Amino acid sequence: MHEMGIACEVLAAVRGEAKRHPGNTPRKVGLRIGELAAVDPEALRFCFEAITRDTDMESLELEIEICPFRFRCLSCGHEFVVQNYDSQCPQCADMKTECIGGQELDVAYLEVEDHEPSAAGAKSTQ
Amino acid sequence: MNRVPLEQKVLSENDRVAAELRARFREHGVLCLNLISSPGSGKTSLLECTLESLPRDRRVAVLTGDIQTDNDAARLKRFGFPVKQITTGGTCHLDARMVERHLADWSLANMDLLFIENVGNLVCPSSYDLGEAAKIVVLSVTEGEDKPLKYPSIFLKSELLVLNKIDLLPYVPFDMNAAVENARRVHPAMEILKVSCLTGKGLHEWLVWLEHRRRAIKPVETEAVT
């Protein structure tokens with residue numbers, strides 16, 4: 001149960017980025033979580049709601065993209081989604097493969113709403 | 001609505017500290033190993049056997065993590081090597097900051113091998129890089145041969161699987177071949193050792209593995225000279 005710590009890191013990333021967009025309200029943060037990242041998306045949502053409730057981030061939406069467990073064949077280069085932990089390349093049947101997906105734990109993007117599109121403050125350089 | 005790409009790791013701060021630790025370990029030629037397992041799989045017993053068999057002049061140290069108590073540190077201190085307990089107070093894993101903090105008053109220049117015994121948990125520790133050269137997962141035969149399939153993340157990220165308590169094989173319905181097959185389904189290149197900390201079986205192979213890894217680590221200065 002380390003989802004609370006992860007939720008706090010996500011919120012810190014959002015707050016850090018939000019500072020670069022004064023006058024705009026963060027609306028949605030996009031995460032990529034691998035199937036094998038050992039993170040439970042529902043527990044993370046629960047924790048995220050708990051730490052943003054009654055704060056300025058209460059309306060921030062959490063969008064989670066689940067990334068499948070993927071291998072690349074080291075012989076023929078074919079990339080495939082691993083089904084039932086079968087690491088054999090479906091194209092050339094070689095067993096030498098490397099993991100290229102499924103362990104992601106990334107903040108992909110932040111969507112901000114521009115309240116004052118014409119406000120000079122939002123575009124001022126730092 | 002304006003979408004701003006962030007493209008950063010959620011645990012980027014932990015990863016930053018871990019990268020600093022890894023650079024320091026490399027600079028001083030320290031082999032750092034992160035031991036992970038369920039509670040009660042025998043991480044501490046494996047370390048006891050390891051410390052017991054090492055010459056006293058070996059430059060070895062241990063950080064051992066638990067949610068509460070310093071029982072493990074007390075067990076491991078008996079062998080005369082520096083041992084420090086990390087008590088997390090509830091946190092279910094060690095993170096790089098905890099390691100950094102507990103290493104603060106140790107000199108890495110006087111160290112060749114650092115064991116980090118993580119909090120007993122097959123899930124959360126897999127997400128946190130501690131700057132180690134390798135993660136090692138310990139699985140005991142009383143736990144069931146399907147653990148690699150149930151907790152794939154840690155088996156995917158660990159270089160070595162230590163199958164412990166093999167002395168109990170006659171008494172438990174554990175299918176060793178299935179365990180090995182399951183581990184290799186998740187991580188085809190995984191190295192696997194079978195040991196018993198009670199009888200000592202397989203410990204020689206474990207010590208050989210350690211020595212092999214230790215010799216592969218050389219301080220940067222030494223590499224430059226040779």
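This is a short chat about a predicted model with chains A and B.

Visitor: What kind of model is this, and what counts as usable in it?
Guide: A predicted one: local features need pLDDT of at least 70, side-chain atom pairs count only at pLDDT 80 or more, and totals for chains, interfaces and linings use all residues. Residues are numbered from 1 along each chain as its sequence is written, while chains are lettered from A and ligands numbered from 1 in the order in which they are written.

Visitor: What are the scores?
Guide: ipTM is 0.80 and pTM is 0.87. For chain B the mean pLDDT is 94, with 96% of its residues at 70 or more. pLDDT is the predictor's confidence in each residue, from 0 to 100.

Visitor: How many residues does each chain put into the contact?
Guide: Chain B gives 25 residues and chain A gives 28. Contact here is C-beta atoms, placed from the backbone, within 7 Å.

Visitor: Which elements of chain B give two or more residues to that side?
Guide: Strand E1 (2-9), helix H6 (152-157) and helix H7 (176-186). E1(B) gives the most, with 8 residues. Helices (H or I, at least four residues) and strands (E, at least two) are DSSP runs, numbered from the N terminus.

Visitor: What's the make-up of the chain B side by class?
Guide: 14 nonpolar, 6 polar and 5 charged residues. Ala, Val, Leu, Ile, Met, Phe, Trp, Tyr, Cys and Pro count as nonpolar, Asp, Glu, Lys and Arg as charged, and the others, Gly among them, as polar.

Visitor: Which strand of chain A pairs with E1(B)?
Guide: Strand E6 (residues 105-114) of chain A. The two pair in the antiparallel sense over 6 bridges. A:Val107 has B:Gln8 as its bridge partner in E1(B). Pairing requires at least two DSSP bridges between the strands.

Visitor: B:Lys9 is in that strand too. Buried, exposed or partly exposed?
Guide: Partly exposed, because B:Lys9 has 16 C-beta neighbours inside 10 Å. Buried takes 20 or more other C-beta atoms within 10 Å of the residue's own, exposed 12 or fewer, and partly exposed is in between; C-beta atoms are placed from the backbone.

Visitor: What does B:Lys9 touch?
Guide: A:Leu105, A:Asp106 and B:Asp15, not counting residues up to four places away in sequence.

Visitor: Which residue of E1(B) has a positive phi?
Guide: B:Glu7, which lies in strand E1 of chain B. Its phi is near 50°. Most residues other than glycine have a negative phi. B:Glu7 counts as exposed because 9 other C-beta atoms lie within 10 Å.

Visitor: Where is A:Asp54?
Guide: In the loop between H2 and strand E2 (61-67) of chain A. A:Asp54 also has a positive phi, near 60°. It is exposed, because it has 6 other C-beta atoms within 10 Å.

Visitor: Switching to the core. How many residues are in the largest nonpolar one?
Guide: 80. A:Val10, B:Val99 and B:Ile116 have the most contacts inside it. A nonpolar core is a set of buried Ala, Val, Leu, Ile, Met, Phe, Trp, Tyr and Cys residues joined through C-beta atoms within 7 Å.

Visitor: What is A:Val10 in contact with?
Guide: A:Val29, A:Leu31, A:Phe48, A:Val107 and B:Val10, leaving aside neighbours within four places in sequence. A:Val10 is one of the buried residues of H1(A).

Visitor: What do the buried residues of H1(A) pack against?
Guide: Strand E1 (24-34), helix H2 (41-52) and E6 of chain A, together with E1 of chain B.

Visitor: Now B:Val137. Why is it buried?
Guide: Because 31 other C-beta atoms lie within 10 Å. B:Val137 sits in strand E6 (residues 134-140) of chain B. It touches residues including B:Ile36, B:Ile154, B:Phe155 and B:Leu161.

Visitor: What about the strands there?
Guide: E6(B) and E7(B) run parallel, joined by 5 bridges. E7(B) also pairs with strand E8 (residues 191-194) of chain B, in the parallel sense, over 4 bridges. B:Leu163 is the bridge partner of B:Leu139 in E7(B), and B:Lys194 is the partner of B:Leu163 in E8(B).

Visitor: How many residues of E7(B) are buried?
Guide: 4 of its 5.

Visitor: Last one. Where is B:Met190?
Guide: In the loop between H7 and E8 of chain B. Its contacts include B:Phe155 and B:Leu161. B:Met190 and B:Glu159 are 31 residues apart along the chain, yet their C-alpha atoms are separated by 5.5 Å.

Conventions:
Contact = placed C-beta atoms within 7 Å.
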